[in-house]
Amino acid sequence: MMGMDGENCPFQFNFEPATFKVGDTVSYRVTGSLSEFPFVGSLVEVGDDFVVISADPNDPTSRMRGTRESRPVVEESEALR
């Protein structure tokens, strides 16, 4: 339940790093001044110890490297490029 009116979250997140695959929707965190906000993105690459996230799948330049954990962490400098 998202809101007081019984709204459901419009996203289905994968929180299991062992099963991450390209195209999964993830909730990720950003360090620094944006650390209090949740973000949503799609995985465009999955490595052994990292992921590459796109905040905008329609923008091929929207790529951020993050950690491979249940809610990946992206450095603020990556998110603000």
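This report describes the fold, strand pairing, core and selected loop positions of a predicted model.

## Overall architecture

The predicted model contains 1 helix and 5 strands, and from the N terminus on its elements follow the order β-β-β-β-β-α. The C-alpha trace spans about 40 × 30 × 25 Å along the principal axes. For a chain of 81 residues, a compact globule would be expected to have a radius of gyration near 12 Å, and the value of 13 Å found for the protein agrees with this.

Of the 81 residues in the protein, 26% are buried. The exposed surface comes to about 5400 Å², of which carbon and sulfur atoms supply 51%. Among contacts with a separation of 6 or more, 33% are made by residues 24 or more positions apart.

## Strand pairing

Strand 1 pairs with strand 2 in the antiparallel sense over 4 bridges, and within this pairing V26 stands opposite G41 of strand 2. Strand 2, which covers residues 39-46, is in turn joined to strand 3 by 4 bridges, again with an antiparallel course. The connection between strand 2 and strand 3 is a hairpin of 3 residues, and L43 is placed opposite I53 of strand 3.

Strand 3 also pairs with strand 4, residues 64-67, in the antiparallel sense and over 4 bridges; here V52 faces R65 of strand 4 as its opposite residue. Strand 1 has a further partner in strand 5, residues 73-74, and this pairing is parallel, with 2 bridges. In that parallel pair, V30 stands opposite V74 of strand 5.

## The nonpolar core and strand 3

The largest nonpolar core is made up of 9 residues, namely F20, V26, Y28, V30, L43, V51, I53, M64 and V74. Two elements, strand 1 (25-30) and strand 3 (50-54), each give two or more residues to this core, and the largest share, 3 residues, comes from strand 1. Several core members also appear in the strand pairings: L43 stands opposite I53, and V30 stands opposite V74.

Strand 3 is mostly covered, with 5 of its 5 residues buried. In a regular strand the side chains alternate between the two faces of the sheet. In strand 3, F50, V52 and S54 point one way while V51 and I53 point the other way, and all of these residues are buried. V51 and I53 are both listed in the largest nonpolar core.

The surroundings of V51 can be described in more detail. Apart from residues up to four places away in sequence, V51 touches F20, L43, E45, V46, M64, R65, G66, T67, R68 and P72. Of these partners, F20, L43 and M64 are members of the same largest nonpolar core as V51.

## S62 in the loop between strands 3 and 4

S62 lies in the loop between strand 3 and strand 4. Is this residue buried or exposed? With a relative accessibility of 14%, S62 counts as buried, because the limit for that class is under 20% relative accessible area.

The side chain of S62 reaches the backbone nitrogen of D56 at 3.3 Å. When its neighbours within four places in sequence are left aside, S62 is in contact with I53, S54, A55 and D56. Of these contact partners, I53 belongs to the largest nonpolar core, and both I53 and S54 are buried residues of strand 3, where they point in opposite ways.

## P17 in the segment before strand 1

P17 is placed in the segment before strand 1. Its relative accessibility of 22% means that P17 counts as partly exposed, since this class lies between the limits of 20% and 50%.

Which residues does P17 contact, once its neighbours within four places in sequence are left aside? The contacts of P17 are with R68, E69 and S70. P17 and R68 are 51 residues apart along the chain, yet their C-alpha atoms are separated by 6.0 Å. R68 is also among the residues that V51 of strand 3 touches, and R68 is therefore a contact partner of both P17 and V51 under the 4.5 Å heavy-atom limit.

Note on methods
Residues are numbered from 1 along each chain as its sequence is written. This is a predicted model: local features need pLDDT of at least 70, side-chain atom pairs count only at pLDDT 80 or more; totals for chains, interfaces and linings use all residues. Side-chain values use heavy atoms; hydrogens and water are left out. A nonpolar core is a set of buried Ala, Val, Leu, Ile, Met, Phe, Trp, Tyr and Cys residues joined through side-chain atoms within 4.5 Å. Buried means under 20% relative accessible area, exposed over 50%, partly exposed in between (1.4 Å probe, protein chains only). Two strands pair if DSSP finds at least two bridges between them. A polar contact is a pair of N or O atoms within 3.5 Å; within protein, one must be able to donate a hydrogen and the other to accept it, and residues adjacent in sequence count only if both atoms are side-chain atoms. The radius of gyration is taken over C-alpha atoms; the globule rule is 2.2 Å times the number of residues to the power 0.38. Accessible areas come from the Shrake-Rupley method with a 1.4 Å probe; for residues, only the protein chains shown count as cover.
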